[in-house]
Protein chains: 2
Amino acid sequence: MSAPLVLALDAMGGDFAPKMVVKSIKIARKRYPNVHYLLFGDEAKIRPLLKKKLRPYCTIRHTPDAVTNDDKPSQAVRQGRNSSMWLAIKAVKDGEAAGIVSAGNTGALMAMAKLILRTLPGVNRPAIATLLPTIRGESVMLDLGANAECDANNLVEFAIMGEVFARSLLGLDRPTVGLLNIGSEDLKGTDTLRLASQMLRDNAPESMEFKGFVEGNDIGAGAVDVVVTDGFTGNVALKTAEGTAKLYSTFLKSAFEASFLAKIGYLLAKGAMDRVKKRTDPRRYNGAMFIGLNGICVKSHGGTDHVGFANAIGVAVDLVSNELNEKIKEECRHLGERVQQRAAAPAEAGQPVDAVVLPGSPTGPAASDGAAQAL
Amino acid sequence: MSAPLVLALDAMGGDFAPKMVVKSIKIARKRYPNVHYLLFGDEAKIRPLLKKKLRPYCTIRHTPDAVTNDDKPSQAVRQGRNSSMWLAIKAVKDGEAAGIVSAGNTGALMAMAKLILRTLPGVNRPAIATLLPTIRGESVMLDLGANAECDANNLVEFAIMGEVFARSLLGLDRPTVGLLNIGSEDLKGTDTLRLASQMLRDNAPESMEFKGFVEGNDIGAGAVDVVVTDGFTGNVALKTAEGTAKLYSTFLKSAFEASFLAKIGYLLAKGAMDRVKKRTDPRRYNGAMFIGLNGICVKSHGGTDHVGFANAIGVAVDLVSNELNEKIKEECRHLGERVQQRAAAPAEAGQPVDAVVLPGSPTGPAASDGAAQAL
């Protein structure tokens, strides 16, 4: 039997921690029998929860402190060196664990992970990526909130990291990638987006099929495997999708309760309805990846239960097993080489990236064309 | 009987024009018996469609040209002076019509409307606003794509215009207003959003209840009556919501088709399902307002049918009847006065708007707090 894959779990993060974290191991254990868990947190609280059957696969690492949801990231970084979150991340840095999963404070987790793990060579900004349900299957979206404002280079980085993520997690050979915009034509959107699009057209890796711009409705339609955007837009889009799903199911619920016939119909169709519920269950898509860091770090939704947390553990296992970070490092190195080659031989390979002249400007007529045409 | 309200219709705009435009008048006629329609377009095509019963309420104005969906706004403005779109807008400018409705090219319509009607005094940028379904009822959202990039002043303007829109169209006394952000705490998001929030806290009209920041999921929840955002984010959010609704209904449809029992259940619950369909019918929410212009201009979805176009006509009728633009002009004048008063007496009323010091910067630790905390 091969050596176990060790994962560090922040047992104190999340609304229902540590109970839901410990409980999740029972599910994860069945799915990934070769994983050993380092549980970081308050030993007095964790030990009584840990059933005898699971003990051989778990090691408790007592930590005196825990980061709360109200802690500001800067504060957590300064004062949280003895917290379960910090020490769990440190276990990855020190090579004790292959990855870490936490349902704690997102901002604190990102700040600590950046400080402890550092970014991968060639990556300027880590991003938050996740899988989303689509009509066609599943897609990757990033960034979801790590970087509120992004330049074209950041977006290109996200595209590369997202494409590797899609290959690793979805098992695709050559994922399609799109930049989220307010129209699909080349003229639409901001200068930043047009520049990023040009850079990807010129320098995308062989393994990426760059599709140009996609729009908000293309996310649910699954028009591309990887949707790339800045953290502000990505976060708003993700939460808008959540809100719309809730709106729809609320309307449906009240409609089914409105008449006797509808109630009977609901009972007969309950199996079908449950399938839809399962397919759109947020727990199924729990586990966002902090991508671009020198170590696997997965963020679980804070409000999830043990089923959701077990899925986040699954994301970490998949990413470690698929050597995601090794692949990202390689792609970033290749990208750097391609850009340098183009810069050295512009006559041969077209204009170098930094000399690309883009149509329009935010105040010019072309940009105004782009904006108002969007609806 | 009072003098009829005259509306100009671009009879050539939209995928199913002119038929759907002419057909919509039958529905609108029943709802608004006091409206007379000026139909701009190809007379040879329009006249045969116009049923005898409707002729007393319609005047055809022959126009030789029509703007197509492929025309760039700049091109449409230069070459489309004899188009149905241009001449219909001009009828509003010339006082012949109280408002115009078009299902044509959004960018061209906005460019032409800006050029012909000009913006209201005190308004720098017109915005696109619409009503959206929420769990609580209906909310207004703007901008939806007229301005891809916005500064704090633009967002404050949108908030004021949106609040007046909500009072006019939803009949609210004191609408609640929120700025769309990636977290509800004051620290979250961009400098632009934090400045706009500060300005609204200091200078919001009496008639507005400013609620600070809201998130993507708050749109569907109806957390505020007016959701304010830039045209890029608003367009992505709106289209993401559309895409999610489609994803949900596709999942539902395939689930109901998957088993015999589910099919029977569906038949029994069909009435309930149809009610949900009706409640989320995009045609019901058709009719986006170009807000901030010196004239009422309503944009219908290009792909809508006569039912949707009749709703867009309804939006125009409501806005004209409620004297939306007069109210916006008044609020903008008041805002200017309040800002000047504060600027003149900073010691009394706190710091003037342009001296507001906001925490953090896009690259500083506080801003990084704001961004990554978002999930």
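## Interfaces in a predicted two-chain model

Domain 1 and domain 2 of chain A bury about 1,400 Å² between them, with carbon and sulfur atoms giving 61% of that area. The model is predicted, and every value here is computed from it.

**Domains within chain A**

Domain 1 of chain A is made of residues 1–121 and 292–323, and domain 2 of chain A of residues 124–288 and 345–375. Taken over C-alpha atoms, the centres of these two domains of chain A are 28 Å apart. Their contact draws 22 residues from domain 1 of chain A and 14 residues from domain 2 of chain A.

One salt bridge is counted between domain 1 of chain A and domain 2 of chain A. R283(A) and D305(A) form a salt bridge in which the closest N and O atoms are 2.7 Å apart. Seven residue pairs are in polar contact across this domain interface, both residues being at pLDDT 80 or more. On the side of domain 1 of chain A that touches domain 2 of chain A, at least two residues each come from helix 5, strand 11 (296–299) and helix 12 (306–321) of chain A. Helix 12 of chain A has the largest share of that side, with eight residues. By residue class, the same side of domain 1 of chain A divides into nine nonpolar, nine polar and four charged residues.

**Chain A against chain B**

How many residues of each chain are in contact across the interface of chain A and chain B? The contact involves 73 residues of chain A and 72 residues of chain B. About 6,400 Å² is buried between the two chains, and carbon and sulfur atoms account for 73% of this area.

Two salt bridges are counted between chain A and chain B. One of the salt bridges across the chains pairs E215(A) with K239(B), with 2.3 Å between the closest N and O atoms. Four residue pairs are in polar contact between the chains, again with both residues at pLDDT 80 or more. Several helices and one strand of chain A give two or more residues to the side that touches chain B, among them helix 3 (73–79), strand 5 (127–133), helix 9 (231–256) and helix 15 (365–372). Helix 9 of chain A gives the most to this side, with 23 residues. The residues on the side of chain A that touches chain B comprise 40 nonpolar, 24 polar and nine charged.

**Symmetry**

A turn of 180° with a shift of 0.0 Å along the axis lays chain A on chain B with an RMSD of 0.0 Å. This is the relation of a two-fold axis. The same surface serves both copies, as 99% of the contact residues of chain A recur in chain B. Among the residues of chain A, G265(A) comes closest to the rotation axis, its C-alpha lying at 1.9 Å.

**Salt bridges**

Over all chains, the structure holds 28 salt bridges. Three of the pairs are listed here.

| Residue pair | N to O distance |
|---|---|
| E215(A) and K239(B) | 2.3 Å |
| R283(A) and D305(A) | 2.7 Å |
| R174(A) and E209(A) | 3.9 Å |

The side chains of R174(A) and E209(A) meet at 3.9 Å. R174(A) is in the loop between helix 6 (152–170) and strand 7 (176–180) of chain A, and E209(A) is in strand 8 (residues 209–214) of chain A, so this pair ties together parts 35 residues apart in sequence.

Notes: Residues are numbered from 1 along each chain as its sequence is written. Chains are lettered from A and ligands numbered from 1 in the order in which they are written. This is a predicted model: local features need pLDDT of at least 70, side-chain atom pairs count only at pLDDT 80 or more; totals for chains, interfaces and linings use all residues. Side-chain values use heavy atoms; hydrogens and water are left out. Copies are superposed by least squares on the C-alpha atoms of residues with pLDDT of at least 70 in both. Contact means heavy atoms within 4.5 Å. Buried area is the accessible area (1.4 Å probe) that two parts lose on being put together, summed over both. A salt bridge is a side-chain nitrogen of Lys or Arg within 4 Å of a carboxyl oxygen of Asp or Glu. A polar contact is a pair of N or O atoms within 3.5 Å; within protein, one must be able to donate a hydrogen and the other to accept it, and residues adjacent in sequence count only if both atoms are side-chain atoms. Helices (H or I, at least four residues) and strands (E, at least two) are DSSP runs, numbered from the N terminus. Ala, Val, Leu, Ile, Met, Phe, Trp, Tyr, Cys and Pro count as nonpolar, Asp, Glu, Lys and Arg as charged, and the others, Gly among them, as polar. Domain bounds come from an automatic or database domain assignment.
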